Amino acid sequence: MSDTRRRVKVYTLNEDRQWDDRGTGHVSSTFVERLKGISLLVRAESDGSLLLESKISPNTAYQKQQDTLIVWSEAENYDLALSFQEKAGCDEIWEKICQVQGKDPALEITQDPIDESEEERFEEMPETSHLVELPPCELARLEEIADLVTSVLSSPIRREKLALALMSEGYMKKLLQLFQVCEDLDNREGLHHLYEIIRGVLFLNKAALFEVMFSDDCIMDVVGCLEFDPSLVQPKKHREFLTKTAKFKEVIPITDSELRQKIHQTYRVQYIQDIILPTPSVFEENFLSTLTSFIFFNKVEIVSMLQEDEKFLTEVFAQLTDEATDDGKRRELVNFFKEFCAFSQTLQPQNRDAFFKTLANLGILPALEIVMGMDDLQVRAAATDIFSYLVEFSPSMVREFVMQEPQQTDDDVLLINVVIKQMICDSDPELGGAVQLMGLLRTLIDPENMLAPTNKTEKTEFLSFFYKYCMQVLTVPLLASTVDEKNCKDLQEGSTKINPVCPDNFQTAQLLALILELLTFCVEHHTYHIKTYIMNKDLLRRVLVLMNSKHTFLALCALRFMRRVIGQKDEYYNRYIVKGNLFEPVINTLLDNGTRYNLLNSAIIELFEFIKVEDIKSLIAHIIDNYYKALESIEYVQTFKGLKGRYEQEKDRQTLRLNRYRRDARTLDEDEDEEMWFNEDGEAIEKSRPEEEFPESYGKYMEAKKVKESDNKENFPKRTPTGSFKFTFSHSAGAANGANCKPATSPTSAASPNGSPAKSATPPATPVVKVSFPCQLPF
């Protein structure tokens with residue numbers, strides 16, 4: 001048998017009954033010595049590797065579907081499919097398979113897999129029993145036909161024979177004509193029998209029958225039969241929905257009649273599977289596998305046909321980005337692209353890559369900037385879904401686009417800032433859209449997908465861009481909600497303590513929790529950039545204000561942020577925490593929580609336990625020196641006594657080192673005296689010894705730094721009467737203690753021995769950045 005090479009795609013059916021693409025190659029049929037028989041071989045067109053090697057078994061059931069598909073099962077729950085580029089190639093391979101099995105190539109299926117017991121029974125049957133004789137297609141025989149269809153579903157052999165009988169002499173079309181008669185006569189009994197017949201025929205799982213049933217002439221009658229479920233008092237109105245309610249909208253006229261027919265057919269078949277048919281039982285799931293495959297390959301064909309029509313896509317993008325396009329038309333265009341991107345998920349990886357690159361070249365990202373800024377919630381939601389497809393496909397492509405934007409537009413309309421604004425202004429009480437957008441932002445700023453060898457500078461460049469143009473926009477709600485405790489008199493029930501979190505409603509708390517989750521991710525993955533931002537903005541102090549929130553989950557988010565900062569074990573962070581006295585709000589919260597054993601208590605204890613186990617000396621010394629008197633009474637855990645023990649051990653080691661140093665210094669002085677005495681010139685010559693000038697210089701530097709810092713001021717976000725935000729940021733941490741904007745702390749310092757918190761750290765000032773939000777935030 002000669003080799004015939006044809007271009008195909010190889011698919012396998014996964015556990016979720018979805019087809020996975022295994023690659024594209026060329027198929028041939030040849031004798032394989034190792035398998036001892038004629039086999040199907042598929043070699044990848046990219047590198048020639050073997051994608052498939054399958055022996056054509058005499059007992060394997062092969063099915064030919066839709067003229068370009070061959071489907072079969074090699075083992076239990078392992079289905080394979082070859083999708084041919086050309087019908088001629090499919091026909092030729094099908095003839096090879098039928099030749100090996102001794103079957104007629106005119107058949108759509110060679111045979112069904114059967115178990116040994118059924119095969120034995122089948123061999124014992126007389127030859128005439130192999131045929132299924134259908135009753136005449138008449139109204140009086142509908143009950144008999146329904147019983148026959150229902151009875152064969154448990155037997156693969158009988159299902160196959162019945163399918164062959166139904167395909168002969170136009171039997172299916174005759175049945176559907178009877179449906180019209182029964183409906184005209186309002187013959188409910190006959191309509192109920194037709195429901196059972198059509199449902200059973202669908203469960204025969206035969207592609208050849210589907211081709212007939214889902215044709216333009218028959219599909220609405222099939223839907224009509226399925227309306228008359230005997231278990232329902234009144235029939236459903238599926239046809240009315242499909243013909244009147246569900247309208248096919250052409251954003252751009254489709255001139256290809258075949259494409260138009262394929263789109264209509266796919267929508268209606270999907271409706272039958274998802275809406276009309278009842279959820280199949282565990283035993284019925286495999287009965288509809290061919291129906292799932294039918295829809296899958298239809299979608300592949302639709303996307304391929306649309307993608308190949310260059311004029312169509314060009315016209316769609318032209319109207320989407322045209323300022324003259326009215327909002328209604330643009331809404332339809334966005335919804336079209338959403339469905340288009342969803343269908344593209346059925347493409348093989350190479351074709352999917354080409355699909356998204358085509359969209360990018362046509363300008364999908366600039367178009368999204370326009371539609372994501374619209375007031376229409378449905379349009380924004382659809383645009384968000386499209387954006388998620390693009391980010392999932394290639395975060396690098398999105399990052400490359402946004403980094404080029406500052407050269408062409410203002411900061412307010414940068415794509416990422418538009419995304420952040422939409423997240424902040426989400427009107428959904430549950431913030432469903434904000435959660436989705438936060439996940440997309442996290443993907444974009446994740447260094448793990450910035451390691452492409454072709455662009456090693458991507459990580460540095462993009463993170464610099466993000467922290468320069470976008471981070472201040474992301475933190476606007478956080479800075480606005482913790483800015484001024486004097487004007488916020490939200491007294492918590494049962495407490496006289498003023499709540500400096502303003503406002504402290506549930507929706508604001510949810511939004512702040514999302515922002516803190518993203519900032520915590522940054523602390524873990526962006527070492528330099530986030531460290532600089534935290535210190536310049538005194539961000540940790542502002543975050544810890546949220547420990548006073550009446551919403552415990554928000555207090556826990558603030559605590560988690562501090563835990564990640566300390567978890568870096570970075571002395572720059574440690575010095576910042578110590579100098580800013582930033583343990584005070586945490587310890588106050590622990591003391592206010594009292595003896596309640598809850599998640600907040602456990603999280604705070606775990607924070608101090610981590611410091612003890614990791615032996616972070618600078619933090620241990622700060623905690624013991626300033627807060628031990630308030631903590632020593634806590635004895636239900638040994639954490640604080642353990643910290644005290646670590647502190648004492650370190651203190652003893654330092655004392656020992658100091659004594660050793662003094663001893664060594666005295667020995668050095670004696671040696672110098674001896675050298676001076678025995679100097680042969682009679683002159684005392686001292687050996688040069690380094691003067692300890694660094695501590696003095698460092699002290700002078702810090703004094704000058706404090707004087708400079710006292711002049712720095714920071715103006716934090718203010719909310720205008722219209723609900724807009726205007727923010728002016730400077731990068732001075734110490735300005736938080738100024739007259740105009742004082743960081744919120746607890747008015748009483750129960751944890752501090754002297755009752756006065758330490759001064760906050762004040763890094764040098766940097767240029768001012770202004771950000772304006774013209775939207776009403778959910779505060």
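Here are legends for a few views of this predicted model.

**Figure 1. The whole protein, before we zoom in.**
Let's start with the big picture: this protein has 32 helices and twelve strands. Of its 779 residues, 49% are buried. The accessible surface adds up to about 39,500 Å², and carbon and sulfur atoms hold 50% of that. Now take the contacts between residues with a separation of 6 or more: 67% of them join residues 24 or more positions apart.

**Figure 2. Helix H5 packing against helix H6.**
Here you're looking at H5, which covers residues 171-185, and H6, which covers residues 188-203. Their axes sit 10 Å apart and make an angle of about 150°. Angles over 145 degrees count as roughly antiparallel, so H5 and H6 get that label. H5 crosses H6 in a left-handed way. On the H5 side, the contact uses Met 172, Leu 175, Leu 176, Leu 178, Phe 179, Cys 182 and Glu 183. H6 answers with Gly 190, Leu 191, Leu 194, Ile 197, Ile 198 and Val 201. Sort these contact residues by class and you get eleven nonpolar, one polar and one charged.

**Figure 3. Helix H12 packing against helix H13.**
Next up are H12 (residues 310-321) and H13 (residues 327-344), with axes 9 Å apart. How are H12 and H13 oriented to each other? The angle of their packing is about 135°, and H12 and H13 are therefore oblique to each other. Their crossing is left-handed. From H12, the residues in the contact are Phe 312, Leu 313, Val 316, Phe 317, Gln 319 and Leu 320. From H13, look for Lys 329, Arg 330, Leu 333, Val 334, Phe 336, Phe 337 and Phe 340. By class, the contact of H12 with H13 holds ten nonpolar residues, one polar and two charged.

**Figure 4. Met 471 and its surroundings.**
This close-up is all about one residue, Met 471, which belongs to helix H21 (residues 471-474). Is Met 471 buried or exposed? Its relative accessible area is 0%, and buried means under 20%, so Met 471 counts as buried. Who does Met 471 touch, leaving aside residues up to four places away in sequence? The list is Phe 466, Leu 519, Cys 522, Ile 530 and Tyr 533. Also find Ile 420 in this view: it is 51 residues from Met 471 along the chain, yet the C-alpha atoms of Ile 420 and Met 471 are 9.6 Å apart.

Definitions and conventions. Residues numbered from 1 in each chain as written. Predicted model: local features only at pLDDT ≥ 70, side-chain atom pairs only at ≥ 80, totals over all residues. Heavy atoms only, no water. Axes fitted to C-alpha atoms, helices over the stretch in contact; angles between N-to-C directions. Helix = DSSP H or I, 4+ residues; strand = E, 2+ residues; numbered from the N terminus. Parallel < 35°, antiparallel > 145°, perpendicular 65-115°, else oblique. Left-handed = near helix turned anticlockwise from the far one by under 90°. Contact = heavy atoms within 4.5 Å. Nonpolar A, V, L, I, M, F, W, Y, C, P; charged D, E, K, R; others polar. Buried < 20%, exposed > 50% of the residue type's maximum accessible area, 1.4 Å probe, protein only. Areas by Shrake-Rupley, 256 points an atom, 1.4 Å probe, with all protein chains shown as cover.
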